[in-house]
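Take a moment with the model before reading on. Turn it slowly, then follow the text from the outside to the inside and on to the end of the chain.

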Amino acid sequence: ESNAGFKNDPPAIIYRSKPAVLVLIDGEPKFQPMEGTDVQRLVNSPFLIMKYGTEHPYYLYGGDDWMTSSDVTKGWTVTKNVPGPVKKALEKNTQPEEAKDATQTTDEGVTPEIVVSTKPAELIQTNGPANYVPLTGLDLLYADNSDDYIFKELTSQKSFILKSGRWYA
């Protein structure tokens, strides 16, 4: 069989009606010590997430802001209170381009929600509730308040999205 061993399962589709960033972690979170520090870094994600000590929360850095959470998979909030060793570990062990812009505020000054998935996922977003408008001559509506391709078929009332070159219903 030509596709033996390949997984073609669809990713989870996550919807938000406000600014959000999808942080993907490849499986269960794995941390490793950062050289010359007491800080650990998440190694199975492209996002810069660090942990300091055993009792301390997690820290996510992106752009100009820091976020913190007591659970790496949820509950991220903006913080200005970052321990010195975490800041030093950032300076000592990373390149500036490594810090994904996870926490960049939007043009409206809104900090995006951090949505974490340890399984393959895609994030679709609208600016407020989906605002469906008709496509002329078709039995379709599309969400005009999204950068994503979101459609609704009128007869079945099914929604369809296009992400990463694949269609999902």
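How much area does the protein chain expose, and what share of it do carbon and sulfur atoms supply? The model is predicted, and in it the chain exposes about 10600 Å². Carbon and sulfur atoms supply 48% of that area.

Now look at the whole chain. The protein chain has 169 residues, and 38% of them count as buried. Its secondary structure consists of one helix and 15 strands. Next, consider how the chain meets itself. Take the contacts between residues at least 6 apart in sequence. Of these, 47% join residues at least 24 apart.

Go inside next. In soluble globular proteins, nonpolar side chains tend to be buried together. Here, the largest nonpolar core has 13 residues. Which of them touch the most other members? They are Val23, Ile49, Leu60, Trp76 and Ile114. Three strands each supply at least two residues of this core: strand 2 (20–24), strand 6 (58–62) and strand 9 (113–117). A second, separate core has 12 residues. Met50, Tyr52, Tyr59 and Leu90 are among them.

Trp76 deserves a closer look. Set aside its neighbours within four places in sequence. Trp76 is then in contact with Ile49, Tyr58, Tyr59, Leu60 and Met67. The list goes on with Thr68, Ser69, Asp71, Ile114 and Val116.

Aromatic rings come next. Two rings count as a pair if their centres lie within 6.5 Å. By this rule there are three aromatic pairs. One of them is formed by Tyr61 and Trp66: the ring centres are 4.8 Å apart and the planes meet at 50°, so this pair is tilted. That angle falls between the two cut-offs, under 30 degrees for stacked and over 60 for edge-to-face. Are Tyr61 and Trp66 buried or exposed? Both are buried.

Phe151 and Trp167 form another aromatic pair. Their ring centres are 5.8 Å apart, and the planes are at 50°, which makes this pair tilted. The two residues are 16 apart in sequence, and the pair links distant parts of the chain. Phe151 is in strand 13 (residues 149–153), while Trp167 is in strand 15 (residues 166–168). Why do the two partners fall into separate burial classes? Buried means under 20% relative accessible area, and exposed means over 50%. Phe151 has 17%, so it counts as buried. Trp167 has 53%, so it is exposed.

That pair leads us to the strands around it. Start with strand 12 (residues 140–143). Strand 12 runs antiparallel to strand 13, and three bridges join them. A hairpin of five residues connects the two strands. Across this pairing, Leu141 stands opposite Lys152 in strand 13.

Strand 13 also pairs with strand 14 (residues 159–163). This pairing is antiparallel too, with four bridges. Lys152 stands opposite Ser159 in strand 14. Tyr149 stands opposite Leu162, again in strand 14. The hairpin here has five residues between the strands.

One residue of that loop stands out. Most residues other than glycine have a negative phi. Gln157 is not a glycine, yet its phi is positive, about 65°. Where does Gln157 lie? It lies in the loop between strand 13 and strand 14. With a relative accessible area of 45%, Gln157 is partly exposed.

Move on to the next turn. Strand 14 and strand 15 pair in the antiparallel sense over three bridges. The bridge partner of Ile161 is Tyr168 in strand 15. Two residues lie between the strands in this hairpin. Ser164 sits in the loop between strand 14 and strand 15. Ser164 is another residue other than glycine with a positive phi, near 50°. Is Ser164 buried or exposed? Its relative accessibility is 61%, so Ser164 counts as exposed.

Now trace the route once more. Strand 12 pairs with strand 13, strand 13 with strand 14, and strand 14 with strand 15. Phe151 in strand 13 and Trp167 in strand 15 link distant parts of this chain.

Conventions: Residues are numbered from 1 along each chain as its sequence is written. This is a predicted model: local features need pLDDT of at least 70, side-chain atom pairs count only at pLDDT 80 or more; totals for chains, interfaces and linings use all residues. Side-chain values use heavy atoms; hydrogens and water are left out. Rings of Phe, Tyr and Trp (its six-membered ring) pair if their centres lie within 6.5 Å; planes under 30 degrees apart count as stacked, over 60 as edge-to-face and the rest as tilted. Buried means under 20% relative accessible area, exposed over 50%, partly exposed in between (1.4 Å probe, protein chains only). Two strands pair if DSSP finds at least two bridges between them. A nonpolar core is a set of buried Ala, Val, Leu, Ile, Met, Phe, Trp, Tyr and Cys residues joined through side-chain atoms within 4.5 Å. Contact means heavy atoms within 4.5 Å. Accessible areas come from the Shrake-Rupley method with a 1.4 Å probe; for residues, only the protein chains shown count as cover.
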